[in-house]
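Visitor: Please pick one small part of this model for a close look, and then lead me from there through the rest. I would like the cut-offs behind your terms as you go.

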Amino acid sequence: MFLLALIQAQLARNEEDYDLLMRTIQRDQVAFARLYDKYSPLIYTIVVRMVQSTGEAEDLLQEIFMQIWNKASLFSESKGSVYTWIVTIARRKAIDRLRSKDNVSRGASLDEDSTLAIPDPAPKADPLLATISAEHESLMKSAFALLGEDQRTVLEMGFYEGFTHVQIAERLNVPLGTVKTRMRQGLIRLRDHLKAGLREDRG
Amino acid sequence: MKTEDKKEFLQLSTEYASGSLDDDDLRRLNEYLKSASAEELGEFLELVSTASLIPLALERTAPPARIREELMTKVRLSARAEETAHRWTESPPEPAPRRTWLWYGIGAVFVVMIIAVSSLVTHLMGTIDTQHQQLVELRDELTRKEELLKVLASRHIEVTMMNGLKPNPVGYGKIIWDPVKGTAILQVSNLPSIPSDKDYQLWVIKGKQPISAGIFSVENTPSNFFKIENLAVTDPREIAAFAITLEPKGGVPAPTGEMYMAGSPKL
């Protein structure tokens, strides 16, 4: 099966992040610094995009990595990769900041404390990535460019602004069903593009 | 999972992955996940992973270098605090300071007690000294009274009254004397207090010759008694008078000062 094969193929590449995080749990400051060096440009970029302020983004970046330092032991392999876990924390923190600023309730998903009832044992590691690589970046950029404007807009409103489908529908003044369809189709298109790209590379 | 359920599950997974699920939908997704197959879980994770890669489409900007420095400083401080807390948990050295404080407390109580006891002892010593002094004075007074009583108890006593003279007319006194033993009691009343460089002096006048019988000073009391040992003249017929003069401190061989009191024996 493609999914399981891909998981197996990428496990080795996921080891580095996993190792850094495990060493962070053991209070290894060098490992934590390496994790920061690796992920801070991406996390900073996400946060700047979300809060639209470099000052706030700098503040949030420190909060996010302090949370990683303090709560590394909460990471569970069964619920995603280290990358996904870190991005989830960043998004949640930024959404909380946006919520406190504009008093608008936003989506409750992607809780960094992993309240989802994913049973153990679950598939180890994310199926589409183990660690971020230039390859992933290139694939995602090309995938995003392939999306229609409508799909890209709803994905960005959900991902970067934390709005629910209902809120997106209200803001775009389109039916809720339309938002859901655009969201689902956009995400599936991204997934398929990534899958195809990764399959080609390993083919 | 039934077809309808799977459709909703995938829809909820999409919404979750894109970060736009509300709380009610999150609960429903949770219910589906509890009974999801490995394949369904894989699909869910695929969507979540895909969504998490969305930021890779952004052009990256590196954060300022100082953020790293500040963060690592916080991490170092946090690690140090954890280490200290861990050490305290592992081998609790905490009781020691508590014991130290306990000893300090006990020491402080002892110091206060010692000060209090010292103060009490000092006070008691003062009281004892005062009472001892009073006791000595009472014994002296008792001895004196006993000696006076011995004079009074003699078979042969003579009494000579004395009156106040010009410097102090209100004064008066008497001499009770035993001519056999040559002892006497002098009692004086209303004599004024005198300067510290002065003494009263008693004279026995034999014929016209004054003979000193001793010096004395008076307390600030209505009357004073003095015992006189070895009265120079024992034959009453030889005594012309008794007199008291005010003289320089320690007395003089012959009277020089004013006469305050005088009296003659009644023969």
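Guide: Gladly! Let's start at N173(A), which counts as exposed because it has 6 C-beta neighbours inside 10 Å. Here a residue is exposed if 12 or fewer other C-beta atoms lie within 10 Å of its own, buried if 20 or more do, and partly exposed in between, with C-beta atoms placed from the backbone. Before going further, please keep in mind that this is a predicted model, in which local features need pLDDT of at least 70 and side-chain atom pairs count only at pLDDT 80 or more, while totals for chains, interfaces and linings use all residues. Residues are numbered from 1 along each chain as its sequence is written, and chains are lettered from A and ligands numbered from 1 in the order in which they are written.

Back to our residue. N173(A) sits in the loop between α7 and α8 of chain A; helices (H or I, at least four residues) and strands (E, at least two) are DSSP runs numbered from the N terminus. The phi of N173(A) is positive, near 60 degrees, although this residue is not a glycine. R27(A) is another non-glycine residue with a positive phi, about 65 degrees. R27(A) lies in the loop between α1 (2-25) and α2 of chain A, and it counts as partly exposed because it has 16 C-beta neighbours inside 10 Å.

Both loops belong to a chain with eight helices and zero strands, so to speak a run of α-α-α-α-α-α-α-α along the sequence. Of the 203 residues in chain A, 44% are buried. If you take the contacts in chain A between residues at least 6 apart in sequence, 68% of them join residues at least 24 apart; two residues are in contact if their C-beta atoms, placed from the backbone, lie within 7 Å.

The loop of R27(A) leads us to α2(A). Two packed helices are described by the angle between their axes and the distance between the axes. For α2(A) and α3(A), the axes come within 9 Å and cross at roughly 140 degrees, where axes are lines fitted to C-alpha atoms, for helices over the stretch in contact, and angles run from 0 to 180 degrees between N-to-C directions. The two helices are therefore oblique to each other (under 35 degrees counts as roughly parallel, over 145 as roughly antiparallel, 65 to 115 as roughly perpendicular and the rest as oblique). Their crossing is right-handed, meaning that the near helix is turned clockwise from the far one by less than a right angle, whereas anticlockwise would be left-handed. Among the residues that make this contact are F32(A), Y36(A) and V51(A) of α2(A) and T54(A), L61(A) and W69(A) of α3(A). By class, the contact has 13 nonpolar, two polar and one charged residues; Ala, Val, Leu, Ile, Met, Phe, Trp, Tyr, Cys and Pro count as nonpolar, Asp, Glu, Lys and Arg as charged, and the others, Gly among them, as polar.

Now for the partner chain. The contact takes 60 residues from chain A and 48 residues from chain B. On the side of chain A that touches chain B, the largest share, 12 residues, comes from α2(A). That side has 37 nonpolar, 13 polar and 10 charged residues.

Chain B holds five helices and eight strands, with the helices written ahead of the strands in the order α-α-α-α-α-β-β-β-β-β-β-β-β. Buried residues make up 24% of its 267 residues. Among its helices, α1(B) (residues 3-17) and α3(B) (residues 38-52) have axes that come within 8 Å and cross at roughly 25 degrees, which makes them roughly parallel. The crossing is right-handed, and the contact residues divide into eight nonpolar, three polar and two charged.

Further along, β7(B) (residues 239-248) is mostly covered, with seven of its 10 residues buried. It pairs with β4(B) (residues 198-206) in the antiparallel sense over nine bridges, given that two strands pair if DSSP finds at least two bridges between them. In that pairing, L246(B) is the bridge partner of Y200(B). Four bridges also join β7(B) to β8(B) (residues 259-263), again antiparallel, with M261(B) as the bridge partner of I244(B).
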